[in-house]
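Here is a short report to read alongside the structure. Please keep the 3D view open as you go.

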Amino acid sequence: LVARVAAGDAALRRLHVMAQRTLSGADWEALARALEGNDTLEELSLSGHELSEAHAALLGGALARNATLRELAVGTPTTGAAAAAALAPGVAVSALRSIDLANRGLEGAAGGAALGAMLAAPSTLASVDASRNALGDEGVEALATALGANASSELARLDLAECGVGDAGAAALAAAMCANGGGPALQALRLAGNATLGCAGAAALVAAGVASGSLRELDLSDTAAGAAAGAAEWLSAHGASVSALTLARCKLAPEAFEALVDGMEAAGGGSSLEMLDVSGNECVGDAGAVRLAERALAPAGGTLAALDLSECGVGAVGAGALFRAAGGVRRLSLRGNEGVGDGGALELAAVLRVGGDGETAAAALASCEELCLASCGIGAAGAEALFDALAGGGAPSLRTLEMGGNDVGDDACMERWKAAVTALREARPALDVQWKAGERGDAGMSEQEREALRARVIGTAAPLAG
């Protein structure tokens with residue numbers, strides 16, 4: 001492989017060196033020399049390989065001389081700040097657009113300074129994954145200082161999930177985003193899993209991102225309730241200008257969710273908001289679902305295309321309201337809301353029925369392509385009614401239906417489920433129906449699936465320019 005890199009093999013554009021293969025000092029030296037003259041390789045993954053300071057310096061020197069490499073992942077959880085600092089000068093002057101340093105043992109101010117050095121001018125980095133490093137506020141402040149000093153920063157995506165970010169670190173990052181006449185034009189900011197992040201810090205970050213006019217995606221999942229409330233309240237007061245908002249498992253208070261919905265209503269159904277994930281927040285319930293449906297989904301003008309209300313305590317009443325109002329939503333998940341039950345399935349079936357003239361009785365889920373009703377307490381009666389309505393032409397755009405984890409009951413009920421699924425698959429062979437153990441429907445969405453969803457909805461998977 002090194003020989004192919006050295007030779008500039010035009011067919012070798014992506015190289016992933018498996019962690020099982022040990023790289024010796026001689027291997028690192030040979031790879032560095034090969035990279036220096038290579039003009040074809042675009043992606044290089046060395047994740048899982050120990051990176052010493054000496055090897056990092058070698059790699060950094062090669063990066064400084066390479067003009068084509070765009071993506072790099074390197075190191076292990078023991079890499080540490082010293083090795084990252086040795087790599088940084090080369091990264092800063094390289095052609096790299098993306099670097100993955102997730103869980104690389106970057107801690108405190110030294111770890112943040114190393115990351116900041118990579119983003120110093122003339123850095124062209126547009127995407128940095130520094131998640132799962134114990135940076136704390138000191139580290140984020142060091143990173144923010146360097147970032148704010150680079151007026152030409154091209155950083156568009158920053159992942160600081162599970163980094164111990166608190167209000168002080170968030171405030172420093174917000175200041176950097178507003179520095180030098182606008183700071184980095186961040187489009188995506190991920191702060192999931194920062195339990196010490198509070199209302200003030202989250203609000204400051206949202207304000208800075210929105211003020212820049214560039215922030216499109218904000219992830220505050222698994223943060224403290226205060227952080228989600230701060231973001232929701234700020235967006236309510238100033239307008240929801242982000243495209244994707246993730247507030248999953250944040251222990252949102254009912255009033256915070258109400259504020260978010262009010263903000264969406266004031267902005268005309270959410271204005272630019274295309275994806276909303278509030279899964280795992282039991283406060284939503286039927287009342288919140290009805291409020292969201294009536295105030296933010298039903299009115300014209302909204303752009304919401306993906307909605308995740310999994311495990312939100314929604315029952316048949318809330319589900320019914322959502323089904324009637326979500327005509328423009330392309331992807332809807334109510335996974336884990338056991339209270340939906342047969343009542344919710346029957347309600348959906350009723351609004352999906354196709355009349356004799358071939359027109360739907362309602363525009364319910366008219367644009368829906370993916371519907372997840374997994375683990376919703378739906379039995380054979382509800383499934384039969386729903387599948388029959390779909391077989392008759394309801395939800396014409398539907399491509400994927402997830403029904404796993406529901407109440408299949410005894411053997412007799414199981415046979416009813418099988419018959420209903422078979423009939424639906426025969427009527428709509430292009431519709432992927434997932435309904436039993438071993439199929440994705442009863443497993444929920446993995447983090448990779450969530451990322452794929454974001455990419456499909458707001459285009460975050462598009463190649464970075466340059």
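The notes below cover one helix, the cavities and the cysteines of this predicted model.

## Helix H5 and its neighbours

Let's start with helix H5, which covers residues 108-118. Its buried residues include four glycines by name, Gly108, Gly111, Gly112 and Gly116. Ala114, Leu115 and Met118 are buried in this helix as well.

What do these buried residues pack against? Two of the partners are helices, H4 (80-92) and H6 (136-149), and strand E4 (98-100) is another.

## Cavities

How many cavities of 30 Å³ or more does the model hold? The count is two. The second largest has a volume of about 30 Å³.

Met118, already met as a buried residue of H5, also helps to line this second largest cavity. The other lining residues are Leu51, Thr79, Ala84, Leu87, Leu101, Arg104 and Leu106. Sorted by class, the lining has six nonpolar residues, one polar and one charged.

## Cysteines

Now to the sulfurs. A disulfide is a covalent bond between the sulfur atoms of two cysteines. Searching the whole structure turns up zero disulfides.

Why does Cys312 have no bond to Cys283? The closest cysteine sulfur to that of Cys312 is in Cys283, and it lies 7.3 Å away, too far for a bond; a disulfide needs the two sulfur atoms within 2.5 Å.

Are Cys312 and Cys368 buried or exposed? Cys312 counts as buried because its relative accessibility is 0%. Cys368, at 1% relative accessibility, counts as buried too, since the cut-off for buried is under 20%.

Notes
Residues are numbered from 1 along each chain as its sequence is written. This is a predicted model: local features need pLDDT of at least 70, side-chain atom pairs count only at pLDDT 80 or more; totals for chains, interfaces and linings use all residues. Side-chain values use heavy atoms; hydrogens and water are left out. Buried means under 20% relative accessible area, exposed over 50%, partly exposed in between (1.4 Å probe, protein chains only). Contact means heavy atoms within 4.5 Å. On a 1 Å grid over the protein atoms alone, a cavity is a set of points where a 1.4 Å probe fits but cannot get out, and a pocket is an open set with protein on both sides within 12 Å along at least five of seven lines; lining residues have an atom within 4 Å of a point. Grid points are joined across faces, edges and corners, and a volume is the space filled by probe spheres set on the points. Ala, Val, Leu, Ile, Met, Phe, Trp, Tyr, Cys and Pro count as nonpolar, Asp, Glu, Lys and Arg as charged, and the others, Gly among them, as polar.
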